[in-house]
Amino acid sequence: MTLVKHELRQGKISFFIWTASIGALLAICIFLFPEMKGQMDGVSEMFSSMGSFSQAFGMDRLNFGTLTGFYAVECGNVLGLGGAFYAALCAVSILSKEEKDKTAEFLLTHPVSRTRIITEKLISVMIRVTAMNIIIYDVSVVSIAAIGEPIPWKEIDLLHLAYYLLQLELAGICFGISAFLRRGSMGVGLGVAAMLYFLNLIANMTEKAEFLKYITPFGYCEGAGIVTDGRLNVGMAAVGVALGLAGILAAYLSYTRKDIH
Amino acid sequence: MELIQTMELTKYYGKTRGIEGLELRVEQGEFFGFIGPNGAGKSTTIRLLLGLIRPTSGSVRVFGKELQKEKNDILRETGYLPSEAWLYQGMRVRDLLKLSAGLRKKDCAREAKRLCERLQLDPSRKVEDLSFGNRKKAAIVCALQHQPKLLVLDEPTSGLDPLMQREFFRILRERNREGAAILLSSHVLSEIEHNCTRAAILRDGRMIACSSVEVFSKTSAKRVTVHGSVDLNGLEGVRDRKNEEASVSFLYSGDMDSLLCTLSRGQVKDLTITEPDLEEVFLHYYEKEEEGA
């Protein structure tokens, strides 16, 4: 596990910055809720009459006046986008950075098989994403308790589980991409995460594009669906898991045969 | 026993030739030189030997083991020093050395300390603060600290000051005496000449000569320097002619009698005939190849 430790050490600053930023933004959103609650009756009505814009963010089906409704939209966007960007950035650079920074010669001339390198790097990405989610989950629960609201455990658990799955799926896809890249990985990672986010917005706006929900992991993270149904969409989540695993498999197949320059 | 053995080793990058049909043999305990200009295929060969790239065809055996199948066993006993030492930023040298030892599952602390002292490398410094030469020293310690049986060195002295170069070669000779084989790829022919027992010359991805350094130095060509005036027209076997104000110097590979006759017709104040240095031999081989092409 030498390489896992090394990767965790190398990525610790970015981990702390992303976790602190997402955690702080989530806490701020939650602390704003008591002040906004009283003004929300009219706002919810307004959102539900804003057509495609509200549909895009699922705001037509949620009540902003309740903590779960507010949390699913506001906090969901912070955790959804922030977490997706972090997971994508971590994974997309983890293999390619060795060639980009020209450290691949150093690493790959040690007696460590490429399969082990891929596995340990994958584990380090999973640990970072998991640790970030545990910390952010704790921050959320403590913040909700601090504002004196009852904690909607089921909804919070399901929302956080969905976003955790989304991040793992994105990490898997970007990990696969990373094995093919030699440079410029950051833009690719951010681009993939942003594209999948916007695909979900498009899918929400028109029924013709609803199939896109099966492609983007943001489909099964839709707060409105999770809060209303009280469960994750298993079909969409299964497609997501399969896409993530396909990315990981592609990384193994490509990187074990790749010429290192 | 052959430590490195390549059989018909060929590497193409798409349509571009890397090396072609390379048959390289390095014996146990040998200090082997690898000579060739940029693009000759030296680095490609080294990358193939270390498994960084896969051959288009042919095979590599190191320590008698098939590289593709037993790469980890081979790398465990191999130390590699790249021409440009790129190391992980944000780490201290001591952590980098620990990482390298950890990846080898070996405690190399004592040897690392000894090497750092000999190379005057401060292990508490951060990698990004190191000069090019100090980065190279850190890479040298990484390559040597696990006391490998085979050392692969690609242009090892670039960036090192002359004193450090001397110390570095002293360490290499010690390791060689202790039984380690060394494959030294270099542009600096004097490094090969002074340290290696055998050498191979590469050109356009092919090995054009492989012999003991002594044999290379004793090719039939001689460096002749004549002070005075002499007419060399008509004398066959004269190459690399350098005319000075009162002297002429040339490589001569023709008939000795003809040379002496020619010289006797001129006015010779002083004459030296020496073995050519390795650089001249290198050029001799290249020119010979060009003539043949």
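Biologist: Before we get going, what counts as a salt bridge here?

Modeller: A salt bridge is a side-chain nitrogen of Lys or Arg within 4 Å of a carboxyl oxygen of Asp or Glu. Keep in mind that this is a predicted model.

Biologist: Thanks! So how many salt bridges are there over all chains?

Modeller: The count comes to 24 over all chains. One of them joins the side chains of A:Glu99 and A:Arg182, at 2.3 Å from N to O.

Biologist: Which parts of chain A does that pair tie together?

Modeller: A:Glu99 sits in helix α6 (residues 96-100) of chain A, while A:Arg182 is in the loop between α9 (153-180) and α10 (185-205), so the pair ties together parts that are 83 residues apart in sequence.

Biologist: And is A:Glu99 buried or exposed?

Modeller: A:Glu99 counts as buried, with 7% relative accessibility. Its partner A:Arg182 is partly exposed, at 32%.

Biologist: Let's hop to chain B. Which side chain does B:Arg118 meet in a salt bridge?

Modeller: B:Arg118 meets B:Glu167, with 2.7 Å from N to O. B:Glu167 belongs to helix α6 (residues 162-177) of chain B and B:Arg118 to helix α4 (residues 109-119) of chain B, so this pair ties together parts that are 49 residues apart in sequence.

Biologist: Are those two buried or exposed?

Modeller: Both B:Glu167 and B:Arg118 are buried.

Biologist: Which residues are joined into one network by salt bridges that share partners?

Modeller: That network is in chain A: A:Glu7, A:Lys97, A:Glu98 and A:Lys121.

Biologist: Nice. Back in chain B, how far apart in the helix are B:Asp73 and B:Arg76?

Modeller: They are three residues apart in helix α2 (residues 71-76) of chain B, which means about one helical turn separates them. Their side chains form a salt bridge with 3.0 Å from N to O. B:Asp73 is partly exposed at 31% relative accessibility, and B:Arg76 is partly exposed at 38%.

Biologist: Changing topic to rings: how many aromatic pairs does the structure hold?

Modeller: There are nine aromatic pairs over all chains. Among them is A:Tyr197 with A:Phe198, an edge-to-face pair with 5.5 Å centre to centre and 75° between the planes.

Biologist: Why is that one called edge-to-face?

Modeller: Because planes over 60 degrees apart count as edge-to-face, and here the angle is 75°. As for cover, A:Tyr197 is buried at 11% relative accessibility, whereas A:Phe198 is partly exposed at 48%.

Biologist: Which rings link into a cluster?

Modeller: Ring pairs link A:Phe15, A:Phe16, A:Trp18 and A:Tyr86.

Biologist: And what lies over the face of B:Trp86?

Modeller: B:Arg135 does, at 5.4 Å from the ring centre.

Biologist: Which residues make the nonpolar surface patch of about 270 Å²?

Modeller: A:Leu25, A:Ile28 and A:Leu32 make that patch. A:Leu32 is in helix α2 (residues 12-37) of chain A and counts as partly exposed, at 39% relative accessibility.

Biologist: Last one from me: how is chain B divided into domains?

Modeller: Chain B has domain 1 (2-212) and domain 2 (220-275). The C-alpha centres of these two domains of chain B lie 41 Å apart.

Methods: Residues numbered from 1 in each chain as written. Chains lettered and ligands numbered in written order. Predicted model: local features only at pLDDT ≥ 70, side-chain atom pairs only at ≥ 80, totals over all residues. Heavy atoms only, no water. Phe/Tyr/Trp six-rings, centres within 6.5 Å; stacked < 30°, edge-to-face > 60°. Buried < 20%, exposed > 50% of the residue type's maximum accessible area, 1.4 Å probe, protein only. Lys NZ or Arg CZ within 6 Å of the ring centre and 35° of its normal. Domains from an automatic or database assignment. Patch = residues over 30% accessible without salt bridge, like charges linked within 9 Å, V, L, I, M, F, W, Y side chains within 5 Å. Areas by Shrake-Rupley, 256 points an atom, 1.4 Å probe, with all protein chains shown as cover. Helix = DSSP H or I, 4+ residues; strand = E, 2+ residues; numbered from the N terminus.
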